[in-house]
Amino acid sequence: MTTGREYPGTPLSDEDVSQGKVLIVEADPNARYAWDAGIAIGRFLAELKEGRIIGRRCHRCRRTMVPPRMFCEQCFRPTDEWVYLADSGRVNTYSISYLRWDASRVADPTLPAVIEIDGASKGMGIMHLLGEVKPEDVQVGMRVKAVWKPARQRQGSILDIRYFRPY
Ligand SMILES: [Zn+2]
């Protein structure tokens with residue numbers, strides 16, 4: 001059990017919020033920021049814009065990694081080679097989500113899933129969404145294929161793939 005002695009300060013309760021004892025500020029800071037994706041993810045995103053999925057291979061452990069990385073965490077050495085992969089794979093794991101990112105409830109669930117990409121090593125995959133499938137029909141191991149945005153709408157983002165559908 002903790003007391004205020006170990007953790008100084010005044011804890012907030014739900015009651016404090018509902019009774020308006022807490023000042024809540026909502027502001028639009030109009031903030032802009034830039035993010036450097038790095039060599040591996042930078043190339044990965046650039047290839048997505050072209051409608052391709054690319055991984056990195058390590059010649060020592062013979063693993064093909066996706067998303068790609070420039071360093072093999074198992075061999076503790078740089079990876080060796082770029083490898084184009086298929087835009088298909090298998091569902092490794094999935095969830096049926098009735099919540100949006102802001103925790104508000106939605107009637108039609110989204111289906112976030114980890115997709116093991118064909119050509120990559122076992123257990124290598126990317127997090128994405130499933131589509132064109134009912135939640136009750138999704139299964140681990142199910143074959144899926146990427147549904148891409150039209151080329152002119154792609155931005156070099158993981159969302160250049162709309163979702164993965166059964167195939
Ligand atoms: Zn390795």
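A residue is called buried if 20 or more other C-beta atoms lie within 10 Å of its own, exposed if 12 or fewer do, and partly exposed in between, with C-beta atoms placed from the backbone. The structure is a predicted model, in which local features need pLDDT of at least 70 and side-chain atom pairs count only at pLDDT 80 or more, while totals for chains, interfaces and linings use all residues. Residues are numbered from 1 along each chain as its sequence is written.

By the burial criterion, Arg 62 counts as exposed, because 8 C-beta neighbours lie inside 10 Å. Arg 62 belongs to the loop between β1 and β2; helices (H or I, at least four residues) and strands (E, at least two) are DSSP runs, numbered from the N terminus. Although Arg 62 is not a glycine, its phi is positive, at about 65°. Most residues other than glycine have a negative phi, and most peptide bonds are trans. Arg 62 also lies 34 Å from Ala 34, C-alpha to C-alpha, with their positions 28 residues apart in sequence counted as their separation.

A second residue other than glycine with a positive phi is Glu 132, where the value is near 55°. Glu 132 is located in the loop between β10 (125-129) and β11 (143-148). With 12 other C-beta atoms within 10 Å, Glu 132 is exposed.

The strands are described next. Strands of a sheet pair through backbone hydrogen bonds, either parallel or antiparallel. Here, two strands are taken to pair if DSSP finds at least two bridges between them. One open sheet is formed by three strands in the order β2-β1-β5, with antiparallel pairing. Its edge strands are β2 (64-65) and β5 (81-85), each of which pairs on one side only. Two bridges link β1 (residues 53-57) to β2 in the antiparallel sense, and Arg 57 has Thr 64 in β2 as its bridge partner. In the loop between β2 and β3 (71-72) lies Pro 67. The peptide bond leading from Val 66 to Pro 67 is cis, with omega near -5°.

Another open sheet has five strands, ordered β10-β9-β6-β11-β12, and its pairing is antiparallel. The edges are occupied by β10 and β12 (161-166), each with a single partner strand, so one side of each has no neighbour in the sheet. From one strand to the next, the twist averages 45°; axes are lines fitted to C-alpha atoms, for helices over the stretch in contact, and angles run from 0 to 180 degrees between N-to-C directions.

Within this sheet, β9 (residues 112-117) runs antiparallel to β10 and is joined to β10 by five bridges. Glu 116 is placed opposite Gly 125 in β10, and Val 114 opposite Met 127 in β10. Five bridges also connect β6 and β9 in the antiparallel sense. Gly 89 has Ile 117 in β9 as its bridge partner, while the partner of Thr 93 in β9 is Val 114. Strand β6 (residues 88-94) pairs with β11 as well, over three antiparallel bridges, and Ser 88 has Lys 145 in β11 as its bridge partner.

Helix α2 covers residues 38-49; its 12 residues should span 16 Å at 1.5 Å a residue, and the end C-alpha atoms are 16 Å apart, which agrees. The expected span is 1.5 Å times one less than the number of residues in the helix. Just after α2, Gly 51 adopts a positive phi of about 85°.

The largest nonpolar core holds 18 residues, of which Val 66, Ile 115 and Ile 117 touch the most other members. A nonpolar core is a set of buried Ala, Val, Leu, Ile, Met, Phe, Trp, Tyr and Cys residues joined through C-beta atoms within 7 Å. At least two residues of this core come from each of α2, β6, β9, β11 and β12. The strand β9 gives the most, with three residues. When neighbours within four places in sequence are left aside, Val 66 is in contact with Ile 53, Gly 55, Leu 85, Ile 117, Ala 120, Met 124 and Ile 126; two residues are in contact if their C-beta atoms, placed from the backbone, lie within 7 Å.
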